[in-house]
Amino acid sequence: MWRCAMPAEVLVRVVDADTGRPLPWVAVMLDTRQAITDSTGTARLVVPPGRYTLKVRSLAYRPHTRAITAREGLNRLTVRLARALL
C-alpha cells in the first residue's frame, strides 16, 4: 500500500528588521505560489513537501530571497526585512 504525502503548510511571518513590528500587505512567494501578509504580518501557503525558493517583496524594503525545504505539516518562518535606502 502506498502513502500520499501530506501537504506542507508554510506560515511566513514578516517583520521590520529594526522595530520587529509585523508588516502587512507584503508579497510572499514560494516559486509560483503567492500570498499576501495579513495585519499580523503572516502569510499562509499550502504546497507539496519539497524545496522552494522563498521570495518576500515590499515597496519600502529590500527584497529577501532564500531556499527553503517545506516538510509535511506545519512549517513556521520569520523574515526580517531591512528598509531600502531611498
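Two strands count as paired if DSSP finds at least two bridges between them. Strands themselves are DSSP runs of E, at least two residues long, and helices are runs of H or I of at least four residues, all numbered from the N terminus. The model here is predicted, so to speak of local features takes pLDDT of at least 70, side-chain atom pairs count only at pLDDT 80 or more, and totals for chains, interfaces and linings use all residues. Residues are numbered from 1 along each chain as its sequence is written, and side-chain values use heavy atoms, with hydrogens and water left out.

**Exercise 1. Work out how S5 and S6 are connected and paired.**

Step 1: find the strands. S5 covers residues 50–57, and S6 covers residues 64–70.

Step 2: look at the link. Six residues make the hairpin that takes S5 into S6.

Step 3: check the pairing. Seven bridges hold the two together in the antiparallel sense. For a concrete spot, look at Gly50, which sits opposite Ala70 in S6.

**Exercise 2. Find the partner of S2 and two facing residue pairs.**

Step 1: S2 spans residues 27–30, and four bridges tie S2 to S5. These two strands run antiparallel.

Step 2: pick out the facing residues. Met29 is opposite Lys55 in S5, and Leu30 is opposite Leu54 in S5.

**Exercise 3. Put the strands of the sheet in order and say why S3 and S6 have a free side.**

Step 1: the order is S3-S2-S5-S6, an open sheet of four strands with antiparallel pairing.

Step 2: S3 (33–36) and S6 are at the edges with a single partner strand each, so one side of each has no neighbour in the sheet.

Step 3: add the twist, which averages 25° from one strand to the next (axes are lines fitted to C-alpha atoms, for helices over the stretch in contact; angles run from 0 to 180 degrees between N-to-C directions).

**Exercise 4. Sum up the whole chain.**

Step 1: count the elements. You get zero helices and seven strands.

Step 2: get the dimensions. Along the principal axes, the C-alpha atoms fill a box of roughly 55 × 20 × 15 Å.

Step 3: check burial. Of the 86 residues, 34% are buried (under 20% relative accessible area; exposed is over 50%, partly exposed in between; 1.4 Å probe, protein chains only).

Step 4: look at the contacts (heavy atoms within 4.5 Å). Among those between residues at least 6 apart in sequence, 46% join residues at least 24 apart.
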